[in-house]
Amino acid sequence: MRPLLLPLAAVSAALVGCAPIQQAVQVPTFEVQSVRLNSLTLLGNPTANVTLRVKVGNPNPVPVRLANIASRLILDGQDVGTVNLPNVNLPARGETVQDANLSLPLSLSAGAAFLNVARGQQVSYRLDGTFTADLGVLGQPTFGPFTLSQGVWKQPAILPF
């Protein structure tokens, strides 16, 4: 699992007219620390219960608050659901770890990817999304969409078949 840095040009473009800030602001980094399929319900209302742990880093010399990180979880090319992390407070030149407990409805295509995970097989994942930065008097601009993080997901099997 590797972090993907977002282009500084996006921040600069969003802050047009704020020349001193353009040079000082660096884009936060996002890294999936872990992803875990906790349970899979196939009957009735098919659902996958997932815990996603994301590390968000702030390379800036001042604290930053991300008002919202909104992303889509993509497994083996299939969009399987929404991940929202509201109010992420980042210390100056620091990082924070946020957990998202997700209950994702299963479609036929998403169900196949989750069944592979439940059987202990490897799937690729990607988080595509946007984030909204709280810049105080400068407002709350939204950046993205970007690929925030991507990697490979494999865990011990939770299904016996």
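Begin by selecting threonine 96, which lies in strand β6, a strand covering residues 95-105. The model on the screen is a predicted one.

Is threonine 96 buried or exposed? Its relative accessible area is 17%. Threonine 96 therefore counts as buried, because the term applies under 20% relative accessible area.

Next, keep threonine 96 selected and display its surroundings. Which residues does threonine 96 contact, leaving aside its neighbours within four places in sequence? They are Val54, Lys55 and Val56, together with Val88, Asn89 and Leu90.

Now select leucine 42. This residue is found in the loop that links β2 (29-41) to β3 (47-57). Leucine 42 has a relative accessibility of 44% and is therefore classed as partly exposed, because that class lies between the limits of 20% and 50%.

Add Leu43 and Phe161 to the selection of Leu42. Together, Leu42, Leu43 and Phe161 form a nonpolar patch on the surface, with an area of about 370 Å².

Finally, clear the selection and view the whole protein. How many helices and strands does the protein contain? There are three helices and eight strands. Following the chain along the sequence, one meets them in the order β-α-α-β-β-β-β-β-α-β-β.

With the surface displayed, consider the exposed area of the protein, which is about 8,100 Å². Carbon and sulfur atoms contribute 54% of that area. Of the 161 residues in the protein, 41% are buried, and threonine 96 is one of the buried residues.

The contacts complete the tour. Among contacts in the protein with a separation of 6 or more, 65% join residues 24 or more positions apart.

Definitions and conventions. Residues are numbered from 1 along each chain as its sequence is written. This is a predicted model: local features need pLDDT of at least 70, side-chain atom pairs count only at pLDDT 80 or more; totals for chains, interfaces and linings use all residues. Side-chain values use heavy atoms; hydrogens and water are left out. Helices (H or I, at least four residues) and strands (E, at least two) are DSSP runs, numbered from the N terminus. Buried means under 20% relative accessible area, exposed over 50%, partly exposed in between (1.4 Å probe, protein chains only). Contact means heavy atoms within 4.5 Å. Patches are made of residues with over 30% relative accessible area and no salt bridge: like charges are joined within 9 Å, nonpolar side chains (Val, Leu, Ile, Met, Phe, Trp, Tyr) within 5 Å. Accessible areas come from the Shrake-Rupley method with a 1.4 Å probe; for residues, only the protein chains shown count as cover. A salt bridge is a side-chain nitrogen of Lys or Arg within 4 Å of a carboxyl oxygen of Asp or Glu.
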